Amino acid sequence: MKLLKPSWVSHNGKPIFSVDIHPDGTKFATGGQGEDSGKVMIWNMAPVLREEDEKNENIPKMLCQMDNHLACVNCVRWSNNGLYLASGGDDKLVMVWKRAALIGPSTVFGSSSKLANVEQWRCVTILRNHTGDVMDVAWSPHDVWLASCSVDNTIVIWNARKFPEMVTCLRGHTGLVKGLTWDPVGKYIASQADDHSLKVWRTVDWQMEANITKPFNECGGTTHVLRLSWSPDGQYLVSAHAMNNSGPTAQIVERDGWKTNMDFVGHRKAVTVVKFNPKIFKKKQKNGSSPKPSCPYCCCAVGSKDRSLSVWLTSLKRPLVVIHDLFDKSIMDISWTLTGLGMLVCSMDGTVAYLDFSLDELGDPLSEEEKNTIHQNIYGKSLAITSTEVQLSTTIIENPEMLKYQQERQNSAQNNAGAGTAAGPEAAAPKVNSVMNGESLEDIRKNLLKKQVETRTADGRRRITPLCIAQLDTGDFSPALFNSAPILPSGSSLSNQIAPQLNSDSSPGQPSSLGARPNQDGLLISPPAAGVAKVLEDDKDGLKSGLLLTSASKIEPMKALDSRFTERSKATPGIPSAISSTAGLAPLERPKDGVSALKDAKAKEETSSDSEDKMAAINKNLAFAKRKPEMLLDGGEVVEKRKKGRPRKDKMAASIPQPFTQITPLPLEREPSRAAAPPAAAAVLRLPTPSQQKAFSLQVSMDPSVFLEVENDVSVVAGSKLSQLRCSRDGRDWNTLLPSSVLAAAGSSDVLAVACDDRMLSVFSCSGRRLLPAIQLATPVSALHCSAHFVMVLTAGATLSVWDAQRQKALVKNESLQTIFSGAETTVSLSLLTQQGVPIIGLSNGKSFCFSVSLETWTLIADKGDSLVQCADFRSCLPSQDAAASSGPLAVVQGRNLNAGRLASRLSSTPHHLQQSMTLAFLENQLASALTLQSAQEYRYWLLIYARFLVNEGSEYRLRELCKELLGPVHKSAASSWQPATLGLHKRELLREVLPVIGENLRFQRLFTEYQDQLELLRPK
């Protein structure tokens, strides 16, 4: 340890009451008595730290002197971000200073020219409310509030984002309040006064949490200040001026129950100031020795009226060092450097001492990350993750573009708050108090108990109306808990049970996100693979089965706990619930405009498959509405679903392609009459094949409208049966003959494909021209799909092929599905081909794969049993308009499972950091899947959600890597393998979309500026 008393730091011999080192360690401020006023001075730290700088004439020692206070200054404190300096004095004022642009060296009035101000600091605001001397000021974590206390017995909390606005005034002390300290987690503020008490106040409602008097009962006499301090891990609060056995002590108060069992003993006179080192330490490892797991500990300095200073480590019983007679008078204030190794102490005698410690003496300081982990483990929510707006409210915005995005963000937040209330009385939920960081469940329970209703029975007994308090066994409480979906029963799979309901009155006039719009063709969805959610027949309103979908607006905790169990909240239009799913059929109330013949009396109470609904909506303009057989396939067995009030339909399913795809339930080509289990196939033929029919017709495209009619065995010529294929496109017809019975047909607006009994595949253009020679398949066809100019065949032998009819080449050649089948009983439950020619296979075990042409391998894109989907919570990162991704191939394959994830953040007992990692993994999977599926819209959608999640969670490394990848090399070089576009999206354009998201978090303003500047440079002139 080194000790130095720089004699040049002085207020001309007058007392120095306060000292504080700037967070960046380059300067420090002192406050005290001036000639005839209060004086605040800012000094350069370099001459204190280095002897050569002290001797160098060119390095200034004093940076600025401010004489604005009319009377003695009792306290100076830098804000945590280092932009402001707050000072409080005997003139009852708190002044907030900010550095101004230097206009030129200005001399202090009436002094010699040597004392020129090197930096210009000017008073930006004066806070007036106290009626007596201001004794102490303190900035809250993240500089949300500034607190000041005074001899008028009050503590005033100021809004540090909107000076000079006052948040509240804390009254309760009956003596002069002489010290303040904030809990590092931001949940409490503690104050100590001459009334022999230490009080702890909650920041949620500004009420008193604890009043500690016992250690102070014996205290006689007063001290000028009572500067108490909170440990950086938030576990201990140490007071000044306590007594134990008539000896002066610094009392240690434990956060857990505010117990007062320990103290720092040894000073001969009253303790005036206690200051914790901002760092948490762990034992230094000896070189070569194996690291032993040691508990982290804190370090605390105690100063007293006896002119001595002691430094304690919480891991040691005795002080680390005691320095006697350091000054001629009482110690007034202590300040540590942010590195935790240096300390400045000031005294009533007008001098300052600097102590320099080594790592060997104190230990190894933990990094911010490790400190945050400790906070998170103890309080559930780390400071790094608490609301970024709170954290960075007072950061200087260095970039005008940043300012724009910050304002946009605030506006959208206000609009969202407004939109929630407009949706109807039940949907409108009060906003939750934004300061919930680390709010404990205990507090919620306490608040709930305050609301309990007490009644008296006739015989005079008290009866308390029971309140439902959910079993919240999780350690991390965050506001997210209360706007989450209900806990879901465990069942075959989550997707079967979340059955979103849409009341037609929730969005009058416009079709809801569920009702199909004729211009966006509906999907034909294969029947659910795992059981169907049975909805009670008598349930008129759609869902009474205990599932509530609360709107994604915020609910105040008390209300949330009751409302989750009592209110039947209507699903609001804001709920993302696109039922494009392959599992679980939900009741769907259609807009009341007489959609089609389907709308009979029972339509509402019955569970109708949504493909039928969509068909109904689409076919309302068509002369004939094909119906789908009411058949639900459960693995191999076919369960027939009979209903009252509905005829059975024996017509074939009309497969209606979407702009990008069609999904056909495989064994549906069978006639409904054969509702028995499919015959056991030979070992080679893994997949069922469609049975032969005399005739069938289907519509293969909506826009242009293309119909295909097949008639088998039209005539027999020379012993071979001929089949006829007729096609009408926008009223123009053509037909052609084929030498064998047609088993399956498919088409898109560009090509038509038919597979025949003799395992031949023929591909025609939309005007009837044969595009490819007849292709011989190895085994009979099981499923056939066309999309754009691609043709996909899935054969009964479980092989997959995809051809590009335009370029006449194979994209996927006889690729076996054996690699993705997990067992003998796995079958294909869904197959489809995207607009980009990417084949997708959904299996009965809930996994969906697509074959990546570029990687030449099967890649997993969805898994119903994936716990990541169920635990990922990225609701806060969803864009406001949600349409783009609800119709892409990835959304179709993942279906309602995804909504489960989106409504999730259920009361699962996963700790925050685990949930954070799961969400990250899930979002990265989504990006990779969208890339493999070549779904540009969805890739862009998930990229923006991913970027927003990284911004909210503060993951700078990943964010920087993402930006770097999107920006690419600035200068072209032969070696660079960077592609300027992905899926037809320009990467730099994507970066332009990601930057505003980064701009929402002030922590990343340097990153934002750096990439924005590079984009500007690259923009073509």
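This report looks at some salt bridges and one helix in a predicted model.

**Salt bridges**

Searching the whole structure turns up 27 salt bridges. Here are three of them, with the gap between N and O atoms.

| Pair | N to O distance | Where the partners sit |
|---|---|---|
| R99 and E119 | 3.3 Å | strand β8 and the loop between β10 and β11 |
| K847 and D863 | 3.8 Å | strand β52 and strand β53 |
| R940 and E993 | 2.8 Å | helix α15 and helix α17 |

Let's start with R99 and E119, whose side chains meet in a salt bridge. This pair links distant parts of the chain, with the two positions 20 residues apart in the numbering. Are the two partners buried or exposed? R99 counts as partly exposed because its relative accessibility is 46%, while E119, at 8%, counts as buried.

Next come K847 and D863, which also form a salt bridge. K847 belongs to strand β52 (residues 847-852) and D863 to strand β53 (residues 857-863), so their pairing ties together parts of the chain 16 residues apart in sequence. K847 has 30% relative accessibility, so it is partly exposed. D863 comes in at 18%, and that makes it buried, because the cut-off for buried is under 20%.

The third pair, R940 and E993, bridges two helices: R940 is in α15 (residues 936-953) and E993 is in α17 (residues 987-998), 53 residues apart. Here R940 is partly exposed, with a relative accessible area of 26%, and E993 is partly exposed too, at 30%. Salt bridges can also share partners, and that is how R77, D136, R227 and D333 end up joined into one network.

**Helix α16**

Now for a helix. α16 runs over residues 956-967, so to speak a stretch of 12 residues, and spans 16 Å from its first C-alpha to its last, close to the 16 Å expected.

Which residues of α16 are buried? They are L959, L962, C963, L966 and L967. Looking down the axis of α16, you'd find these buried residues within an arc of 125°, so they line one face of the helix. There's a handy rule behind patterns like this: an α-helix has 3.6 residues a turn, so residues three or four places apart point the same way.

And what do the buried residues of α16 pack against? Their neighbours are α15, α17 and α18 (1005-1018). On the face turned away from the buried side, α16 carries the exposed residues Y957, E961 and K964. Just after α16 comes G968, which has a positive phi, near 75°.

Methods. Residues are numbered from 1 along each chain as its sequence is written. This is a predicted model: local features need pLDDT of at least 70, side-chain atom pairs count only at pLDDT 80 or more; totals for chains, interfaces and linings use all residues. Side-chain values use heavy atoms; hydrogens and water are left out. A salt bridge is a side-chain nitrogen of Lys or Arg within 4 Å of a carboxyl oxygen of Asp or Glu. Helices (H or I, at least four residues) and strands (E, at least two) are DSSP runs, numbered from the N terminus. Buried means under 20% relative accessible area, exposed over 50%, partly exposed in between (1.4 Å probe, protein chains only). The expected span of a helix is 1.5 Å times one less than its number of residues. The arc is that of the directions from the helix axis to the C-beta atoms. Contact means heavy atoms within 4.5 Å.
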